[in-house]
Amino acid sequence: MEEHCLTDIDFEWFRKLIYERSGIYLNTEKRGLLQARLIKRLQEKGLKSFNDYYQYVVNDKNEIIYLIDSISTNVSGFFREFSHFEFLKDYILREIFLKKKHIYIWSAGCATGEEPYSLAILLLENMKDYRFKNIKILATDISTKALETAKMGIYEEEKVKNIPLPLLKRYFQKGIRKWDGYYRVKHFVKDIVIFKWSNLMDYCSFERPFDIIFCRNVMIYFDKKTRQRLIEYFYRYLSKGGYLFIGHSESLANLDHKFRYIKPAIYKK
């Protein structure tokens, strides 16, 4: 196959398509990444040009999912941005306990599952103190590849190295033989988390409002118009007094919203 170069026109077509289908905005700095990912797919599909692949994508629903997968970074980690988990444990759980015995959380953009599993572990650790009767965490992502990893719940030792040893022993099973060097999330933790594919740009309906929504380091991929739409969406599906967590590199400062600022990256309805 001849060496390919993503032209300005090609890049604009793909950028527009990705934006329309996922809300992800690719700036020109991502052009090299997109070209590298697309060339690989062209080779796999036996296509001759980027235009051929574009026509293929727009006519195949499964391929657009693959395309979005290819440009998603899915960076995550257990108890990432730990101050959020501290605030959740020390303040929010006590507040929710005074009002209800059930807690519902949405981890939007859950990547490979570390965030929702961290939330599940924190809640399980505090169930005796707060006597919750029911805990459910909905974990969604647009990347099918990331969700496959999340559902398996198997992580390399490097991924769990910052988890305190007592928690690691209580909530993870250490691998042996061919799984040496890996840890698997125990089943009773998995039972709390429901993983589903979701595109945040699509309209969804939920059976009940959420007490807490985590959507961290996701809006950095969106332009202002898409962020505005997403924030309105989250406000609608939070219960009164519910909390929204975003990434520390993100802010609602330049958006029109009804949330009350609590502290950096934490807002309340």
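## Tour from helix H2 to strand E5

Select helix H2 and display the side chains of Leu34, Leu38, Ile39, Arg41 and Leu42, which are the buried residues of this helix. Buried means under 20% relative accessible area, exposed means over 50%, and partly exposed covers what lies in between, with a 1.4 Å probe and protein chains only. Helices (H or I, at least four residues) and strands (E, at least two residues) are DSSP runs, numbered from the N terminus.

The model is predicted: local features need pLDDT of at least 70, side-chain atom pairs count only at pLDDT 80 or more, and totals for chains, interfaces and linings use all residues. Residues are numbered from 1 along each chain as its sequence is written, and side-chain values use heavy atoms, with hydrogens and water left out.

**Around H2**

Stay on H2 and pick its two end C-alpha atoms: they are 21 Å apart, which agrees with the 21 Å that its 15 residues should span at 1.5 Å a residue. The expected span is 1.5 Å times one less than the number of residues in the helix. Now add the surroundings: the cover over the buried residues of H2 includes H1, H3 and H4. Contact here means heavy atoms within 4.5 Å. Just past the end of H2, select glycine 46, which has a positive phi of about 70 degrees.

**Helix H1**

Move to residues 8-22, helix H1, where 15 residues reach 21 Å from the first C-alpha to the last, close to the 21 Å expected. Which residues of H1 are buried? They are Asp10, Phe11, Phe14, Arg15, Leu17, Ile18 and Ser22. These residues cover an arc of only 165 degrees around the axis, so they are on the same side of H1. The arc is taken from the directions that run from the helix axis to the C-beta atoms. Rotate to the face turned away from the buried side of H1 and find the exposed residues Asp8, Ile9 and Glu20. Then show helix H2 (31-45), helix H3 (50-58) and helix H4 (61-71), which are among what covers the buried residues of H1. Just after H1, glycine 23 has a positive phi of about 85 degrees.

**The sheet**

Next select the open sheet of 3 strands, with order E3-E5-E4 and antiparallel pairing. Strand E3 (154-156) and strand E4 (172-174) each have a single partner strand and stand at the edges, so one side of each has no neighbour in the sheet. Two strands pair if DSSP finds at least two bridges between them. E4 is joined to strand E5 (residues 182-185) by 3 bridges, and the two run antiparallel. Lysine 174 stands opposite tyrosine 183 in E5.

Within E5, pick tyrosine 182. Tyrosine 182 is partly exposed, with a relative accessible area of 28%. Leaving aside residues up to four places away in sequence, tyrosine 182 touches Ile154, Tyr155, Glu156, Glu157, Gln173, Lys174 and Gly175. For a distance check, select asparagine 27: its C-alpha is 36 Å from that of tyrosine 182, and the two residues are 155 residues apart along the chain.

**Two cysteines**

How many disulfides does the structure hold? There are 0. Cysteine 110 is in no disulfide, and the nearest cysteine sulfur, in cysteine 215, is 11 Å away. That separation is too far for a bond, the cut-off for a disulfide being a pair of cysteine sulfur atoms within 2.5 Å. Cysteine 110 is buried, with a relative accessible area of 1%, and cysteine 215 is buried with a value of 0%.
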